[in-house]
Structure formats: C-alpha cells, structure tokens
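This report looks at how chains are arranged, how two helices pack, and where one residue sits.

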Amino acid sequence: MAKTMQTQIEVATPGQGLHRITGQVEAALADMRAGTGLLNIFIQHTSASLLIQENADPTAKRDLEEFLGRLVPENQSWHRHLDEGPDDTVSHMKSSITATSVTIPLRDGRLLLGTWQGIYLWEHRRAAHRRKLVLTLIG
Amino acid sequence: MAKTMQTQIEVATPGQGLHRITGQVEAALADMRAGTGLLNIFIQHTSASLLIQENADPTAKRDLEEFLGRLVPENQSWHRHLDEGPDDTVSHMKSSITATSVTIPLRDGRLLLGTWQGIYLWEHRRAAHRRKLVLTLIG
Amino acid sequence: MAKTMQTQIEVATPGQGLHRITGQVEAALADMRAGTGLLNIFIQHTSASLLIQENADPTAKRDLEEFLGRLVPENQSWHRHLDEGPDDTVSHMKSSITATSVTIPLRDGRLLLGTWQGIYLWEHRRAAHRRKLVLTLIG
C-alpha cells in the first residue's frame, strides 16, 4: 500500500546559474524511509526552476547557462515587468520554459536517476536567494 | 494509506494568452476531500499548456505572453502544418516547450503554492476554445 | 487504496527526431494491472526527452523537429561541450527546455490521453541510441 510523506527544504543559491542539489535531496530522502514509488520536488518560486541534467562535465553546465541567457536576453525594448531590475521579467520567462517541479522514480528508497543525471536548482535571478522546495514522496 | 481520486473540469478560454485557473482548481479540490499528497493537472490538448507563474503583477503576464509569441513566431517560410491557420503549427511548438501537466504538492487538502504562484492555462490558439483537464489526486 | 508498480522499458531510436512510443507504453501498462491513478514515465538520459504531442498529421511532427533544430542551432562559436560531436551540447540544451518525465492520468488502466495526443521519445542525438525508461504507476 502506498504511503505519502512530505518535507520542505531550503536551498541557498549564490546567484544566477545551475546549482546541484542531488546530495541535499538524497539526505532528505534518507530521513523519509522511502520505498518504491515517486518523489516530486516542487519549487515555490516563479524566478527559479528545477532541472535534471548532465552531472559530469562542467563545460556542459556552462553551455546550458549561456544557452538560456542567449535564448532569453535581458534589456529588450518591449520588456515591462522590471521593478526588481533587468533580470526580473526574464527570470519569469526562463521559468516558464523550464520545470517548476520534477518527478523522479524511486526504488527501495533510492533515486532511479541515469548514470549522468543530477538534480539542479536553476537560479534565474542575479542576486543570492533562499529557495523553498517541497518534497513529496508516494510509495 | 494513500487514496486516488480523479475528476475532470472544462475551462473556456477567450483566445490566446494566460488564463488563471487557480480558483477553478481549488473548487474542484474542495469536492475531493484531499489530504496530504500530490495533485496532477493534465491538459488533454496539444495546442494549449499549463503553467505555474507569477500571480500578482499584470505586466509579468503580458511580458510572458509577448515572450512566447516572439520566441515562436508565426508565418515562417518553413512552416507546413497550417490547415487550421497561421497559429496552428506554432501552437504545437509552444506546447512542446511548456507543460502538458503540472504536479503540485498538497497539505491537508490545500495547494502548497508559493506566495506568488498561480496556476494558468496557456491558450496558444487565437480562437476561443473549451479545454478539458483531468485532475488526479494521490494522498 | 493506492498501490505502486514499477517497470523499465528500452526504446531503440534510429536517430534524431520524434519517435512515437504510445504502443510500447500501453503494452507495459497491460502487464501492470493498472487501475485509476497516475503513470509517470521517466527517461534516464540527458540528451533525449519525452513529449506528449499531436498524433495524427506527419507535417506537425516534422515542423516540431525543425522548430527545435532552429531554436537550438548547432555550431555556435560559444559552444564548448563538444566531445561527442556538434550535436553533443545542443542535445543537453534541447533536453533542458523539454521534459525528462511526463505524468499521465489513468482510468481503469487506460491512459486518459486526449483525442490527438500521443507519447513521443524525442531523440536529440544524430546517432541511433537505446534509451532506458522507468514507468511508475500509482493507483
């Protein structure tokens, strides 16, 4: 019979970019006595997102960061929502084409990630932030 | 022990853009006697999507709408799938880089959204549509 | 009471593009004696993704494929992560703006897809690959 468990964690980001959180998620999982099922990670923010991506090569990470910055450039004449600076409205845009939550399979309490997969928090704001994540486990 | 509940709702969209559905989702939840767990919202269409985004400032919403229109412009020479008009093929493209379903944590029957988060249906077609959503609750 | 079931399948892709896997997923589901709940499909790779999209018209599929290739072009001067060829880093970029997992509602063991929806594996690498998928069912 499936059970539900839920916890919240906070991640301190030093500013814009991909920040690996696999270890922090695994630590929270260990406390939840997980079985086989699904783990949902949900970020309670609209200017940061979650990503499962290449874990090994730092050039892959830097290319991804540069890619998103070029796909959604700041300082366009038609931008209106800029109360918090030039990175304000683009942070929401970046968030809208990436994930607010990721759902990952579990087997016997372990994340069934592929060999090269890690879990990242993608901070879209320039400044350091504290981001709240909800972890919900079914299984 | 986790239980499963499921219901379907319809959303009438007046045409292209972001339409807030948080209230409609919460009303359906109230009927489902939810506990703690996950709510999955799934849209049964390929030319509209779901988004969790900035709830407060209308300029954020307008910037997001303009952003997606500029990222995926109509009337490109290489577009082929245009049976239903110039907004046909681009609607599928927009749908492919946004979400067909969103999964949101619940605690004691309430959506654990962040302070600024609302749930939106993103209509990509120009004309008004009736869109079918499946809500599945585990917990 | 909700139960959890899990299985793994492999999909052989002939190379870059959208490959329909609805039939393979339905075959796996039939073996799992599913009820009402959710099916999560998770791809254990960072250079391929999953998509629920237009099932009927082949021009829609070709437009989507061309769209993603134009949105994330190869051979840009700022690309660094190219150990496995010009399609290496762009595969991760394409993966980062599409889905690593999809969650689909089930009723009485059947996928509650819309009339025009099919499930696709989106291969971003040029070469043929064998891709591993984890199917987790709650319900």
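Is the crossing of helix 2 of chain A and helix 3 of chain C left-handed or right-handed?

## Helix packing between chains A and C

In this predicted model, the crossing of helix 2 of chain A and helix 3 of chain C is right-handed. Helix 2 of chain A spans residues 58–71 and helix 3 of chain C spans residues 87–96, and the two pack at an angle of about 55° with their axes 10 Å apart; the two helices are therefore oblique to each other.

On the side of chain A, the contact is made by A:Ala60, A:Asp63, A:Leu64 and A:Phe67 of helix 2, while helix 3 of chain C contributes C:Thr89, C:His92, C:Met93 and C:Ser96. By residue type, this contact divides into 4 nonpolar, 3 polar and 1 charged.

## Relation of chains B and C

A turn of 120°, with a shift of 0.0 Å along the axis, lays chain C on chain B with an RMSD of 0.0 Å, and the two copies are thus related as by a three-fold rotation axis. The copies nevertheless use different surfaces, since 16% of the contact residues of chain C recur in chain B.

## Surroundings of A:Gln24

A:Gln24 belongs to helix 1 of chain A, which covers residues 22–31. Because 17 other C-beta atoms lie within 10 Å, A:Gln24 is classed as partly exposed.

When residues up to four places away in sequence are not counted, A:Gln24 touches A:Ile9 and A:Val11. A:Asn55, which is 31 residues apart from A:Gln24 in sequence, lies 15 Å from A:Gln24 in space, C-alpha to C-alpha.

Conventions:
Residues are numbered from 1 along each chain as its sequence is written. Chains are lettered from A and ligands numbered from 1 in the order in which they are written. This is a predicted model: local features need pLDDT of at least 70, side-chain atom pairs count only at pLDDT 80 or more; totals for chains, interfaces and linings use all residues. Helices (H or I, at least four residues) and strands (E, at least two) are DSSP runs, numbered from the N terminus. A residue is buried if 20 or more other C-beta atoms lie within 10 Å of its own, exposed if 12 or fewer, and partly exposed in between; C-beta atoms are placed from the backbone. Two residues are in contact if their C-beta atoms, placed from the backbone, lie within 7 Å. Copies are superposed by least squares on the C-alpha atoms of residues with pLDDT of at least 70 in both. Axes are lines fitted to C-alpha atoms, for helices over the stretch in contact, and angles run from 0 to 180 degrees between N-to-C directions. Angles under 35 degrees count as roughly parallel, over 145 as roughly antiparallel, 65 to 115 as roughly perpendicular and the rest as oblique. A crossing is left-handed if the near helix is turned anticlockwise from the far one by less than a right angle, and right-handed if clockwise. Ala, Val, Leu, Ile, Met, Phe, Trp, Tyr, Cys and Pro count as nonpolar, Asp, Glu, Lys and Arg as charged, and the others, Gly among them, as polar.
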